[in-house]
Amino acid sequence: MTGDHQTLALLLFSGFVAVTLGITTWVSRRRRGSAEEFYTGGRLFSPMENGFAITGDYISAASFLGVTGLIALYGYDGLLYVVGFLVAWLVVLFLVAELVRNCGRFTLADVVAARMSERPVRIAAGTSSVVVSVLYLVAQMVGAGSLVALLLGRTSGAAQAWTVIGVGALMVIYVSLGGMRATTWIQIVKAVLLLGGTIALTVLLLLRFHGDVDQLLVTAARRSGHGDAFLAPGLKYGGSWTARLDFISLGLALVLGTAGLPHILSRFYTVPTARAARRSAVWAIGLIGGFYLLTIVLGFGAAAVVGPGALRASNAAGNTAMPLLALDLGGGAGSTGGTVLFAVVAAVAFATILAVVAGITLASSASVAHDLYACLRRSRGGQKGGVRGEVAAARIAAVGIGVVAIALGLLARDLNVAYLVGVAFAVAASANLPVLMYSLFWRGFTTRGAVWAVYGGLVPALGLVLLSPVVSGCRGSLFPGVDFQYFPLQNPGIVSIPLGFLAGWLGTVTSDETPDEAKYAETEVRSLTGAGAA
Amino acid sequence: MQSSDDRARGAGDGPERSAENRRDHGAPSREVRHEDPWYDPSALGWDEPYGAGSLAPTVPPARGEPDAAAARAREVYVEVQRSAAFQEVRGRYRRFVVPGVAVFLSWYVAYVIAATTAPGLMARPVVGAVNVAMLAGLGQFLTTFLLTWAYTRHARLRRDRAALELRWDTQELTRETRGGAR
């Protein structure tokens, strides 16, 4: 990769940063400083805008670069990932989008706390939301650091560290100054760039193969060296039974986790009604599904055009498949077209990370300020500060979360990005989904059940990760020297998700609290009709 | 806090534009009578809480005040929940969503389990380079899009209008019981 690519990529990326900073200042110029404005952008986005923003929020660099690389190297097994990411949206559309929009105001905890004794539930749900967000954030920061190494050829540790710090600083500026409105526009711009780039590459790829997808697949299988096995499952996850079980666990986490991701839930508060929330989910499903279909074609295309040898030589995990394919499709190294396409892909990848990171930071600062800080302040007595105090707290929380994420991102630099994303999804599915489902649909759910459901999913999920081979006990672990590995799987989902549901049920049946019929009636009526929705 | 500014397009959302936020006690309430005999509040006994005019406080209760007005507002939700109209909306939602979720979740889990435990079956060729696994993967995309379409269609045709009417009625009733009807 020559200096030309890097200069152009840096120029394009600087352009994106300049535009988004412009959006942020333009948006914050007119702000009124209300909580509604900061957390939800005034709830005035249209379904289409929100659909694009959800797409920008959801598709991280892990799917843009990671999944194409997985498909290019392991063929069909990469496709399994993509299916999980997409089917998860049916859970969101059917069970979550409208009901959460109707019941809550800013966060997941709003929905649960409305029915229960507010303080313990809010603290539990707020804590788990922050944990999920920070995990997801660290994954993105680690991704950003390694992207620089991959795309700009700066492999030194210092360059990676400065990238992580730079990305963290930018996201804090976006979020604390611009709030939801700036974040949303950044995500929309990113989604348009991402989709545009992907479509352009796919068109070029199909032109190369004269529109013959079958020929593309055959070429990919032949060049991969695996033959027909490349087009069938088993190359990556087909080994031992532990590996297979691990993948089933990951699949469950992916499909159930999306509905518990705080930054996805908070996007539904940015539209005026439940109907608009539903329509934005539909837009998102269309855009995300279309994007993933193109990703599959591009992944097999990278195997067919670039070949696994060159891919592995550039990055062992295949993360550079997309930019290398762009370079080849543009005319090869040294050509103008190749340089431009490569730079575009690199810049889009950076934009992707920035937009996702801003969305997560905003959601977690909302959890800190609206759930945790508001509860603790209230317990000390005193309503001083009011809503303005809460927004100020959210801005400060964004800075704090930025600092924590930068620090953890630097520490976890060597962990696999896709693995970290999988864990974040598993924790979301174990800690957030059970409590959300029970609150919306179970008449007899009680405060103790809610608290148990959150901690009963959160603690096992995190505990099993600590006891997994990722942390200790084998080569490639975080601490290879010690051995406290007692849990064989990398992804805890298959155990911790049922535990979350079980704990919620157990907490409910053992508590002597009588469930409040009237409050459940209120939740049910509001969730399905939108009466009294914020 | 803002009033709920409904930008939903389509029929039936006219009255909602003036609907006040339930929590928005300070804002002046616009009196818009809802005159649908089918939802007549007195016929359902919903007017009891404010039957005696003396009960209505002159000042809207502050947020978080656990007073009698708030208690009556809670009763409104129970009444609405028990009403036939709401039961119908809820029934329609559940009758679609429960089988829907069961179908796509089991289809997805079956797909993942087949891909991990029966790669031989999945590798069986169908046409050209396309095998069972490819078809199953594309099938997941297809069913996702189809179910999305079916869900929105069902919601639009079977739920939206009734839900909107219920929302309007409920908000009217809560506002009245909270003394907002000045």
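User: Before we look at this predicted model, when does a residue count as buried or exposed?

Analyst: Happy to start there! We count the other C-beta atoms within 10 Å of the residue's own. A residue with 12 or fewer is exposed, and a residue is buried if that count is 20 or more.

User: Is A:Arg43 buried or exposed?

Analyst: Let's place it in the chain: A:Arg43 sits in the loop between α2 (35–40) and α3 (47–58) of chain A. Its phi is positive, about 55 degrees, although A:Arg43 is not a glycine. Most residues other than glycine have a negative phi. Because A:Arg43 has 23 C-beta neighbours inside 10 Å, it counts as buried.

User: And A:His210, is that residue buried or exposed?

Analyst: A:His210 lies in the loop between α8 (157–208) and α9 (213–224) of chain A. Its phi is also positive, near 55 degrees. Since 8 other C-beta atoms lie within 10 Å, A:His210 is exposed.

User: Which helix gives the largest share of the largest nonpolar core?

Analyst: That core has 218 residues, and A:Leu354 is among those with the most contacts inside it. A:Leu354 touches A:Val167, A:Leu170, A:Met171 and A:Ile186, leaving aside residues up to four places away in sequence. The largest share of the core, 26 residues, comes from chain A's helix α15 (residues 336–379).

User: How is helix α3 of chain B oriented relative to α5 of chain B?

Analyst: Good one to finish on! The two helices pack with their axes 10 Å apart, at an angle of about 170 degrees. Angles over 145 degrees count as roughly antiparallel. Therefore α3(B) is, relative to α5(B), roughly antiparallel.

Technical notes:
Residues are numbered from 1 along each chain as its sequence is written. Chains are lettered from A and ligands numbered from 1 in the order in which they are written. This is a predicted model: local features need pLDDT of at least 70, side-chain atom pairs count only at pLDDT 80 or more; totals for chains, interfaces and linings use all residues. A nonpolar core is a set of buried Ala, Val, Leu, Ile, Met, Phe, Trp, Tyr and Cys residues joined through C-beta atoms within 7 Å. Helices (H or I, at least four residues) and strands (E, at least two) are DSSP runs, numbered from the N terminus. Two residues are in contact if their C-beta atoms, placed from the backbone, lie within 7 Å. Axes are lines fitted to C-alpha atoms, for helices over the stretch in contact, and angles run from 0 to 180 degrees between N-to-C directions. Angles under 35 degrees count as roughly parallel, over 145 as roughly antiparallel, 65 to 115 as roughly perpendicular and the rest as oblique.
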